[in-house]
Amino acid sequence: MSSQNIFILGIESSCDDTAASVICNGRVLSNVVASQKIHEEFGGVVPELASRAHQQNIVPVVDQALSQANIKKSDLNAIAFTRGPGLMGSLLVGTSFAKSMAFGLNIPLLDVNHMQGHILAHFIEEDGFKKPPFPFLAMTISGGHTQIVKVSHYFDMEVIGESIDDAVGEAYDKSGKILGLGYPAGPEIDRRAKLGDPKAFPFTKPKVAGLNFSFSGFKTAVLYFIQREVKKNPNFITERLNDICAAIQYTIIGILIDKLKLATTQTGITHIAIGGGVSANSGIREALKNGEQKFGWTTYVPKIEYTTDNAAMIAIVGYLKYLEKDFAEDNVMASARLKI
Ligand code: KG4
Ligand code: ZN
């Protein structure tokens, strides 16, 4: 291959997925994710178990990413890793590994903000996917975050709204727990929502000023509603599960779309990109598409494998930083609460 090719290895270990990816000039050559099944039996991520599993997975996952990309370690130009935000024990595994590997290979290290990764995943070179023009609005919806970000350039981002308590993914997962669904419950609620009646049960939307969100009250409303109905009919959940899921999904999507409408009015920006695990949701994808006709939006929805946590999104941020020679310091540290 010509020397024009820039190979970046991305490493992601912020939560419960150990992931590695190789990209060449912004195009993905491999994207390996080892999801940790261990958390399912606990109904949520157990930080201590997550860091142990990262420790076990990281070498095989990186090895697989290199071999699937059909390159050798020595072909790499730089290594990008998730510095934060996330669970400290999990972040330390990826950070230490990336530092040692870059040091061993004598190549630059690139520190990446996980949330910027979810947004800049839209700049991965991918056939059939268009990139948003600056400025655009990014709504990042995941298990840990719910934010609306004004993106003026790759590294010129401003959070203009965010959740003041739970993230939208938590609203899905905690509602799922109440219903006795497995963890994470988002995909299952999404699947069942398509089979149910979204207007079967009216859940009220929380009232939060401006562009901020709140989901903790929603989860409590679901809990009280279910407790009330189960008292009347012990089989309520099993008999009406699809309708309950449809109503939950309908309400959550309504909350997200209302805030996007306000954000577009306030900023005058109508290009909207979504990212994060919940952007895999079929309801939000459909609602955005409808917004194109209804509100004149242009929307950007990532390929499914770049929605939930992955290392290709870390590698693309690394590549953009590499082009700007914005390398990490040798003493860079993981940061659990890293801000955009
Ligand atoms: O981005 P992500 O993989 O990890 C974090 O950074 O949090 O997001 C995980 C979240 C979980 O809450 C999961 O339930 C949710 O994304 N999720 C979904 C769907 N697929 C994943 N939520 C709703 N519908 C889906 N199809
Ligand atoms: Zn994430």
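The exercises below, each with a worked solution, concern a predicted model of a protein with a bound ligand.

**Exercise 1. Ligand contacts**

Determine which residues come nearest to ligand 1, and identify polar contacts that Gly-144, Asp-173 and Asp-190 make with ligand 1.

*Solution.*
- Step 1. There are 19 residues around ligand 1, and those that come nearest are Gly-143, Asp-173, Gly-277, Asn-281 and Asp-309.
- Step 2. For Asp-173, a polar side-chain atom lies 2.6 Å from an oxygen atom of ligand 1.
- Step 3. For Asp-190, the partner is a nitrogen atom of ligand 1, at 3.0 Å from a polar side-chain atom.
- Step 4. Gly-144 contributes a backbone N or O atom, 3.2 Å from a ligand 1 oxygen atom.
- Step 5. Taken on its own, ligand 1 has 550 Å² of accessible area, of which the protein covers 89%.

**Exercise 2. Salt bridges and their place in the fold**

State how many salt bridges the whole structure contains, and locate the pairs Asp-127 with Arg-27, Glu-188 with Arg-191, and Lys-289 with Glu-292.

*Solution.*
- Step 1. A search of the whole structure yields 15 salt bridges.
- Step 2. The side chains of Asp-127 and Arg-27 meet at 3.3 Å, N to O. This pair links distant parts of the chain, 100 residues apart: Asp-127 belongs to the loop between helix H3 (114-120) and strand S6 (136-141), and Arg-27 to strand S3 (residues 27-35).
- Step 3. Asp-127 is exposed, because its relative accessibility of 60% lies over the 50% cut-off. Arg-27, at 38%, is partly exposed.
- Step 4. Glu-188 and Arg-191 also form a salt bridge at 3.3 Å, N to O. Both lie in helix H5 (residues 186-193), three residues apart, about one turn of the helix. Glu-188 is partly exposed at 26%, and Arg-191 is partly exposed at 44%.
- Step 5. In the salt bridge between Lys-289 and Glu-292, the closest N and O atoms are 3.9 Å apart. These residues are about one helical turn apart because they are separated by three residues in helix H8 (residues 282-295).
- Step 6. A network of salt bridges links Asp-166, Glu-170, Lys-174 and Lys-219.

**Exercise 3. Cysteines and the annotated domain**

Establish how many disulfides the structure has, whether Cys-24 and Cys-245 are buried or exposed, and what UniProt records for residues 28-315.

*Solution.*
- Step 1. The whole structure has zero disulfides.
- Step 2. Cys-24 is buried at 11% relative accessible area, and Cys-245 is buried at 0%.
- Step 3. According to the unreviewed UniProt entry, residues 28-315 carry the feature "domain: Gcp-like".
- Step 4. This span is 47% helix and 17% strand, and its end C-alpha atoms lie 9 Å apart.

Definitions and conventions:
Residues numbered from 1 in each chain as written. Chains lettered and ligands numbered in written order. Predicted model: local features only at pLDDT ≥ 70, side-chain atom pairs only at ≥ 80, totals over all residues. Heavy atoms only, no water. Disulfide = S-S within 2.5 Å. Buried < 20%, exposed > 50% of the residue type's maximum accessible area, 1.4 Å probe, protein only. UniProt positions renumbered as here; feature names shortened; annotations may be inferred. Helix = DSSP H or I, 4+ residues; strand = E, 2+ residues; numbered from the N terminus. Near = heavy atom within 4 Å. Polar contact = N/O pair within 3.5 Å; in protein donor to acceptor, adjacent residues only side chain to side chain. Areas by Shrake-Rupley, 256 points an atom, 1.4 Å probe, with all protein chains shown as cover. Salt bridge = Lys/Arg side-chain N within 4 Å of Asp/Glu carboxyl O.
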